[in-house]
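Me: Please take a close look at the largest cavity of this structure and at the nonpolar residues around it. I should like the cut-offs behind each term as well.

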Amino acid sequence: MRKLPVFFLVDLSESMIGEPIDLVYKGMERLLRSLKKNPYALETVWIEVIGFAGKGKILEPYEELPLYYPPDFPIGGGTSLGAGLDLLMQEIDCHVKRSTYQSKGDWKPLVFLFTDGQPTDDYKISLSKWQEFYKNRCHTLVATLGKSVSNELLSPLADQAILLDGEQDKCFESYFKWLTDSIINSSIQVSEGIEPKTNVDNIGQGLSKIDLSKHDHEDAIIDDNYTVILGACQKTEEKYLIKYKRGVEILDGDVDSFDKVYRLNGVHRLDYDSYKALSGSASKSSLDTKYLRGLPSCPYCYSAHAFAMCQCGGVFCVDTDTEEQKCAWCGTIAVYGVSEESFKVDRRQG
């Protein structure tokens, strides 16, 4: 029987940490559970999940639906779409059987890409290759979380695009329900010998179709919708990510500050080995702390102050029981106090 290949390409950048990546996992769980109840999908669907941050990674290899289970979703540094596309194209070449004069190959793959920000790598060579050799061989849909992804990227990448722009839990629930219905409908179509098609006209709450004919903003190497800072616990040396989300506030005497302020969104424990393995070479960027709102606490030792910065540039939590503090990065021991002046802090690519 001809297979219906389904590829998921998922953004694993730092800005996805917390609720977004948790909702992706829960959504994939529900999707697979629902698909396995459908006899048409069980007969035809094969799935692979690929993630990308600074690098691309196969999270769960190509397998038939009855044997497929949701993968873990690690977090990495950066949003290297080019690396993700390169791996996707490699996997399509490896697994999708093409038609010949003697026999029909597999059905056109369904490709579902999910991202929450602009790429931070030089992705254009990979995108050009995708557009020239793969786009017409696949049915591709991109879903974006928020309005941060430019149409200059989406148009050559996808046939259709969806915007998730409401309450996150409801948006994700609607999105994965639509995904499930689309894959089931496609499996029914191919069972009847019809080339599958996806339709974004009937989408749920918190979702809207993106008009790919419009043009908008330029690319950026840093995702300005978030500021993400890497920290370390002084007591355990375990690493965490502090996530700030862009808000609106005008600072006195700074008319350009209107949309530069970031408010604390969360602090999250981090599997640092997985993070380093999935991260690429980070572009250097810094932010003045005068634009940050909210003081994070340490997710390991629960110190109320997880934002002290050493002269080495490392951010770590303060041990409130001692006067002297030891940097969890370089080991320097010093006395720290509250700064009346703002200072520059390294930010991740997001």
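Reply: The cavities are described below, followed by the nonpolar cores.

This is a predicted model, in which local features need pLDDT of at least 70 and side-chain atom pairs count only at pLDDT 80 or more, while totals for chains, interfaces and linings use all residues. Residues are numbered from 1 along each chain as its sequence is written, and side-chain values use heavy atoms, with hydrogens and water left out.

A search of the whole structure yields 2 cavities of 30 Å³ or more. A cavity is a set of points, on a 1 Å grid over the protein atoms alone, where a 1.4 Å probe fits but cannot get out; lining residues have an atom within 4 Å of a point. Grid points are joined across faces, edges and corners, and the volume is the space filled by probe spheres set on the points.

The largest cavity holds about 60 Å³ of space. Its lining consists of F8, L9, V10, V24, M28, F112, L113, F114, Y175, F176 and L179. Two or more of these residues come from each of β1 (4-11), α1 (19-35), β4 (110-115) and α6 (168-191); helices (H or I, at least four residues) and strands (E, at least two) are DSSP runs, numbered from the N terminus. By class, the lining has 11 nonpolar, no polar and no charged residues. Here Ala, Val, Leu, Ile, Met, Phe, Trp, Tyr, Cys and Pro count as nonpolar, Asp, Glu, Lys and Arg as charged, and the others, Gly among them, as polar.

The second largest cavity has about 40 Å³ of space. Among the residues lining it are F52, L81, L113 and P119, and both β4 and α5 (151-157) supply at least two residues. This lining divides into 7 nonpolar, 3 polar and no charged residues.

The largest nonpolar core comprises 51 residues, and F8, I47, F112, L164 and Y175 have the most contacts inside it. The greatest contribution to this core, 9 residues, is that of α6. Such a core is a set of buried Ala, Val, Leu, Ile, Met, Phe, Trp, Tyr and Cys residues joined through side-chain atoms within 4.5 Å, where buried means under 20% relative accessible area (1.4 Å probe, protein chains only). Beyond its neighbours within four places in sequence, Y175 is in contact (heavy atoms within 4.5 Å) with F112, L113, F114, L141, A143, L164 and L207. A second, separate core has 30 residues, including F7, L87, Y134 and A158.

Note on methods:
On a 1 Å grid over the protein atoms alone, a cavity is a set of points where a 1.4 Å probe fits but cannot get out, and a pocket is an open set with protein on both sides within 12 Å along at least five of seven lines; lining residues have an atom within 4 Å of a point. Buried means under 20% relative accessible area, exposed over 50%, partly exposed in between (1.4 Å probe, protein chains only).
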